[in-house]
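The following exercises ask the reader to work from sequence and coordinates towards a description of charge pairs, strand pairing and surface character. Each task is followed by a solution in steps.

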Amino acid sequence: MEFFKTDKIYDFMGKSKLFISISLFLILGSYILLFTKGLNFGIDFTGGTIVQVRYDKPVNIKEIREALKKSEIFKDAAVTKFGSDEEIIIRVKTSTKKLGQDIGDIAREVLQGTGNYEIRRVDIVGPKVGSELREKGMMAMVIAIIGILIYVSIRFEYRFALASVLALVHDVSIALGAISLFNVPVNLDILAALLTILGYSLNDTIIVFDRIREGIVEAKTNDLNRVINESITKTLSRTTLTSLTTFFVVLTLFLFGGEIIKGFSFTLLVGVVVGTYSSIFVASPLLGWLGFNLQKYRAKLAEKKKRAQEKERMRAMYEQGVV
Amino acid sequence: MRVLNYRLVIFLIALMGGIALSIPSFLNLKEGPKITLGLDLQGGLHMLLGVDTDAAIKSKIKSIASSIKYFAEDNDILLEDLKIEDKDIKFTLLDKDDEPKMDEMLKNISGLKVEKHSLHYVVTLTPQEIESVKEYAINQAVDTIRNRLDQFGLAEPNVAKQGKDKILVELPGIKTPKQEQRIRSLIAKAAHLQLMAVDEDRAARVYQMSPEEAAEYGDVILSDAKNPKIKYLLKEIPILDGSMIIDAKVAFDQNNQPVINFTLNSEGAKIFGDFTAKSVGKHLAIVLDNKVYSAPVIRERIGGGSGQISGGFSVQEAHDVAIALRSGALLAPVFLLEKRSVGPSLGADSIKASLIALISGFVIVVLFMIFYYGIAGIIADIALVANLFLIIGVMALFGATLTLPGMAGIVLTVGMAVDANVIISERIRELLREGVSIKKAIEQGYKNAMSAILDANITTLIAAVVLYAYGTGPIKGFAITISIGILASMLTAILGTHGIYEALLPKIEKSKNLSLWFGLKVKGK
């Protein structure tokens, strides 16, 4: 089976303005969301407590809120259903330092009389740990991006690196916008998902760029746009196929993977779609726009090749004992 | 016909190794390398604790004050106003002749800074000593907590220092919140035993006295363990403390109430004996964690260095206190920075859910590949299966921990691991379309695909390594599975499938059915 016609070159660059406009629109929308609605930071980053409780029959949330009002700590708790009608999550911004009787034990006492329940999870994160995790998370993002920039610069050229990193920023921004829009609690796992998106989207971009690199060397034309169009077309069925398989597995994770990793798989789901889109429609046009010059790059490659050959020749002479 | 080639051989060896190493994990065998399930999957308690190092410094100062006091009494040196103010020990010598003796004694205690104004002494700890006390307190807390958990009899507790000043405690296999709370209490127990003298001169006025006034006399007011309304006025500097305990056991008194019998080391026994000999008729308070358990009258000198703590314990409490006393007092209180506790039923649910996701994702990808690529798809699927075994096998080999995000990582790997084969198959198809011979198309296809596969995987690996370096607990697990998955997929997808193609080449060349082998529609046929 084949998805795309193999004898036709699709004109991606001709429509690049349209795609970039769509992307700019989405990014702008994301930032508006991020600055107005903001992110719903979970306890990993803000500190606080989560108690997950399962009852033996469907819960009446109102009753539970009433019961919690009796306690000073849980007075302002947020109570939401979690995955099913029997299961709830109680969230408060406070955490306790006391080890012997912690906030989870208090929850257990307060909930007495609300039915038969089992406390399945208690997460307590102190404010100090929260801010530390936040800093570490930011660091991880920045270091990953720098590492990628360096690697791509070495393997390709700095404009390839810049274009791919801009595409990554594009993906992460839109993913964050979606996270904000759907009010997904941002915890450590979301950070992991975002870093995975970085890796995944880059994967796609690199494969297109690899083809462009190859095309630059092999193509007879000096028209960068043409080379890019050809390269994207040639990798199109690979990009689509891999994206589809990845999309399917992430979808199964989202549907069947359980409530705890729902935010994680949601972020990945958005990331796979946006990452695929950006590899095809954003990264490559950016390469042209960043002033990438075909002839110069070819000249540089030729120079490099010459030097390598020279080295090889010298070595051969050396080994034969001429020098 | 050459069926075996070096690529296929390496692949088969790796595959068999992967299967062999993953069998113990799949069948849950007792022997052999096995994947450890993370606390989020098997249920358990994960805690990050902080240590209140200031308290350790205070108690160090207190114990130095105790030694000074004991030394003075032992040598008939008269001291006036021995007391602790903030982090300083202050006292005045009454007799100038005692000065050399006292100076000699202070010199023998390391890490002290002594200031003298004639016979008025101010003794404090040097900054280096303070640092080392802090460090010691943290290390001691790690050892003590580990000791207590070992004695409690839980399976595989993990206690480790994390960073400079944090303690990581991981306890799998906790069944109920009640059990968890009991263990937390055991960890938190200071188990600070002190034998203190009652201030007999002023004891009668204890109910009228403020803590500040008591401090002026060098006393503290502590309340009774059973009845907080009963107060005792005690000399702040203890006769001795729990650091001299070598054993503690639960026993039962004549009323069949649980009590704890403790034994002091020889030094403690001597101090205890000397004190009781001198203080017949006076009260001795047995104080545990700043609560007075009893304050009996001393009838005679108590030799042998043993004592008893009694006072309304339940059997369970007595058992836990004895463990805590045996494993030593915490020099500094510990407090909670982070806790994650997952019940066993939730862990089991998570395993089930992620397995369903894994299997259904796997089936979709496998079918899709066959549908799209024909036999080339089957070959890619074989690589995928081998990849899964390798991930599990390698994780088992290194005793890595599988967490819930790690499971998600494996699911994700299933989607991404076929990528290399997709790239290769596309390249082969391209060459076949150009009319290149099958043998050449396969050779050249692998060659052409190589740079893209390498670059793409290495960049993903960069992200995964950063995630590992900066992630904690479960997230680290995710980074590990992704990294192993990438490396394993390079082996299976590049080397393995290439070997299979080489072995099958005569067959492919004979059949020439490109649609069947590569899912390729060839025009004109």
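**Exercise 1. A salt bridge between chains**

Task: Determine whether Glu430(B) is buried or exposed, and establish which residue forms a salt bridge with Glu430(B).

Solution.
1. In this predicted model, Glu430(B) has a relative accessible area of 17%. Buried means under 20%, so Glu430(B) is buried.
2. The salt-bridge partner is Arg211(A), with the closest N and O atoms 3.0 Å apart.
3. Arg211(A) belongs to helix H7 (residues 188-218) of chain A and Glu430(B) to helix H12 (residues 404-433) of chain B, so the pair joins two chains.
4. Arg211(A) has a relative accessible area of 5% and is therefore buried.
5. Both residues take part in a network of salt bridges, whose members also include Arg155(A), Asp210(A), Arg213(A), Glu214(A), Arg427(B) and Asp455(B).

**Exercise 2. Two further charge pairs**

Task: Classify the residues of the pairs Glu157(A)–Arg159(A) and Lys96(B)–Glu99(B) by accessibility.

Solution.
1. Glu157(A) and Arg159(A) form a salt bridge, and their closest N and O atoms are 3.0 Å apart.
2. Glu157(A) is buried at 6% relative accessible area; Arg159(A), at 16%, also counts as buried.
3. Lys96(B) and Glu99(B) form a salt bridge with a closest N and O separation of 3.0 Å.
4. Here Lys96(B) counts as exposed at 55%, whereas Glu99(B), at 14%, counts as buried.
5. Over all chains, a search of the whole structure finds 45 salt bridges.

**Exercise 3. A sheet and the helix packed on it**

Task: Give the strand order of the open four-stranded sheet in chain B and state which helix packs on the sheet.

Solution.
1. The order is S3-S4-S6-S5 (chain B), and the pairing is antiparallel.
2. Strand S3 (79-85) and strand S5 (112-117) of chain B are the edge strands, since each pairs on one side only.
3. Direction ignored, neighbouring strands of this sheet are turned by 15° against each other on average.
4. Helix H3 (residues 53-74) of chain B packs on the sheet and touches S3, S4, S5 and strand S6 (120-125) of chain B; the direction of the helix makes about 170° with that of S3(B).
5. S3(B) is joined to strand S4 (residues 88-93) of chain B by five bridges. For Ile84(B), the bridge partner in S4(B) is Ile89(B).

**Exercise 4. Parallel and antiparallel partners of one strand**

Task: Find in which sense strand S16 (residues 291-294) of chain B pairs with S10(B) and with S15(B).

Solution.
1. With strand S10 (residues 219-224) of chain B, S16(B) pairs in the parallel sense over two bridges. Asp224(B) stands opposite Val292(B) in S16(B).
2. With strand S15 (residues 284-288) of chain B, the pairing is antiparallel, over three bridges. Ile286(B) has Ser294(B) as its bridge partner in S16(B).
3. S15(B) and S16(B) form a hairpin with two residues between them, and Asp289(B) in the turn has a positive phi of about 50°.

**Exercise 5. A nonpolar surface patch**

Task: Identify which element gives the largest share of the nonpolar patch, and classify Ile378(B) by accessibility.

Solution.
1. The patch is formed by Leu355(B), Ile359(B), Val363(B), Leu367(B), Ile370(B), Ile378(B) and Ile382(B), with about 570 Å² of accessible area together.
2. Helix H10 (344-373) and helix H11 (375-397) of chain B are the elements that give two or more residues. H10(B) gives the largest share, five residues.
3. Ile378(B) is found in helix H11 of chain B and, at 38% relative accessibility, counts as partly exposed.

Technical notes: Residues numbered from 1 in each chain as written. Chains lettered and ligands numbered in written order. Predicted model: local features only at pLDDT ≥ 70, side-chain atom pairs only at ≥ 80, totals over all residues. Heavy atoms only, no water. Patch = residues over 30% accessible without salt bridge, like charges linked within 9 Å, V, L, I, M, F, W, Y side chains within 5 Å. Areas by Shrake-Rupley, 256 points an atom, 1.4 Å probe, with all protein chains shown as cover. Salt bridge = Lys/Arg side-chain N within 4 Å of Asp/Glu carboxyl O. Buried < 20%, exposed > 50% of the residue type's maximum accessible area, 1.4 Å probe, protein only. Axes fitted to C-alpha atoms, helices over the stretch in contact; angles between N-to-C directions. Contact = heavy atoms within 4.5 Å.
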